[in-house]
Amino acid sequence: MPNGFNFQLLKKSAGSAARLGRLQTTRGVIDTPAFMPVGTQATVKTLTPEEVSELGAQIILSNTYHLSLRPGTEVIAAAGGLHRFMNWEHPVLTDSGGFQVFSLSSLRQVTDQGVQFRSHLDGSPQFLTPERSMEIQGVLGSDIAMAFDECSPYPCSYEQVVAAVERTALWAERCLQAPLPDRQVVFGIVQGGMFPELRSRSARLLTSMNFAGYAIGGLSVGEPKPMMYEILDSTAPLLPEEKPRYLMGVGSADCLWEGVRRGIDMFDCVLPTRVARNGTALTAGGKVVIRNAEYALDFSPIEPGCSCYTCANFTRAYLRHLFKAGEILGHRLLTIHNLHFTLTLMRQIREAILEDAFESRHEEFKVRFNSNEAKRSLN
């Protein structure tokens, strides 16, 4: 393991598997449970790196597939790596490109060697292997690189998932054998679809390898939330307690609470930034669709009591006006609020674990969140 990388488990919740930790990297400390804003193309959309840091983000996620196509590894290498290229001095996790290739199902062909596919930008032929994924991530210079994996869609046949589990393990071994920059570590990804026995098999195969941390992939791909929670219930305990656990692609408030409750330390999701650009704000009571006519004369903040820049200075009526007028400031202001909400929520969850109050505060959250969701469904 590179010097400077260490995960310390600080405290466990008395009434659940929730855990408080500290992940040390050469570029800084990450307090866990942590949420990673997504900067797919070397930017968290509409915000500057300074703004993202000021909102409380200690680490962001960027994407191997997208950055390899545009601007390309040559440009990023010439800039001195991804951190310098995007002016972000804190840790970066890069996903392997496996999920993006998975989403290009009509454009790809998967073999044990790798994935042949066509670029979504210009249709040019591409071939991504575990070795090539690690090579790209090495050039990017991320602090945490993800092993190349095969993500099973939902729904998916048992036979297809078996093949994906075996291939993910094969590729994981090849990723570990690939050369890495001194300060970079690799996380393995457990697959297995919605089949607990295949999740168990994947976890056994992956944990037999010396990864710095372990992710649970292939969830939040269209399955019902109760099914996702069932898979987490059976899979999370199979991962090493002394290493960080990362649930990929999950970021709604209810799922963050439920993931932490099951022992997850790290999360990422495009949801806070994506829904912001669609005119939706995240609050403790659920989503507020700011475009709706009911807010045309509403001169209150998005969420009373919220301390973010947006809520301190602007009203729902003004934000609605920005979206109706097509003004990009609306996207920025809602993104600021949504990331502030999500990152503040993670801080509150950490405080709840520290104060031995995780279960009671989770219940308080559920009462408010579910009550407001029920009201919205009746309207």
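The exercises below, each with a worked solution, concern a predicted model.

**Exercise 1. Cis peptide bonds**

Find where the cis peptide bond from Thr-32 to Pro-33 and the one that joins Tyr-154 and Pro-155 lie along the chain.

Solution. Begin with the general expectation, which is that most peptide bonds are trans. Next, look at the bond from Thr-32 to Pro-33, which is cis with omega near 5°, and then locate Pro-33 in the loop between strand E3 (28–32) and strand E4 (34–37). Finally, turn to Tyr-154 and Pro-155, which are joined by a cis peptide bond with an omega of about -5°; here Pro-155 belongs to the loop between strand E10 (144–146) and helix H7 (158–177).

**Exercise 2. Positive phi values**

Decide whether Ala-42 is buried or exposed, and do the same for Asp-356.

Solution. As a starting point, recall that most residues other than glycine have a negative phi. Ala-42 is not a glycine, and yet its phi is positive, at about 65°; the residue sits in the loop between E4 and helix H1 (49–54). The relative accessible area of Ala-42 is 12%, and since buried means under 20%, Ala-42 is buried.

Asp-356 also has a positive phi, near 55°, and its place is in the loop between helix H14 (328–354) and helix H15 (358–378). The relative accessibility of Asp-356 is 55%, and because exposed means over 50%, Asp-356 counts as exposed.

**Exercise 3. The largest pocket**

Describe the volume and the lining of the largest pocket.

Solution. Start with the volume, for the largest pocket holds about 870 Å³ of space. Then consider its lining of 39 residues, of which Asp-95, Phe-99, Gln-100, Val-270 and Arg-274 are the closest to the centre. Several elements give two or more residues to this lining, including strand E5 (60–63), helix H5 (98–103) and helix H11 (271–277), and H11 provides the largest share, with five residues. Sorted by class, the lining has 16 nonpolar, 17 polar and six charged residues.

**Exercise 4. The second largest pocket**

Work out which element gives the largest share of the lining of the second largest pocket.

Solution. This pocket has a volume of about 440 Å³, and it is lined by 18 residues, among which Ala-284, Phe-341, Leu-345, Gln-348 and Arg-368 are the closest to its centre. The elements that contribute two or more residues are H14 and H15, and the largest share, seven residues, belongs to H14. To complete the description, the lining consists of eight nonpolar, six polar and four charged residues.

Terms used: Residues numbered from 1 in each chain as written. Predicted model: local features only at pLDDT ≥ 70, side-chain atom pairs only at ≥ 80, totals over all residues. Heavy atoms only, no water. Helix = DSSP H or I, 4+ residues; strand = E, 2+ residues; numbered from the N terminus. Buried < 20%, exposed > 50% of the residue type's maximum accessible area, 1.4 Å probe, protein only. 1 Å grid on protein atoms, 1.4 Å probe; cavity = no way out; pocket = protein on both sides within 12 Å on 5 of 7 lines; lining within 4 Å. Points joined across faces, edges and corners; volume = space filled by probe spheres on them. Nonpolar A, V, L, I, M, F, W, Y, C, P; charged D, E, K, R; others polar.
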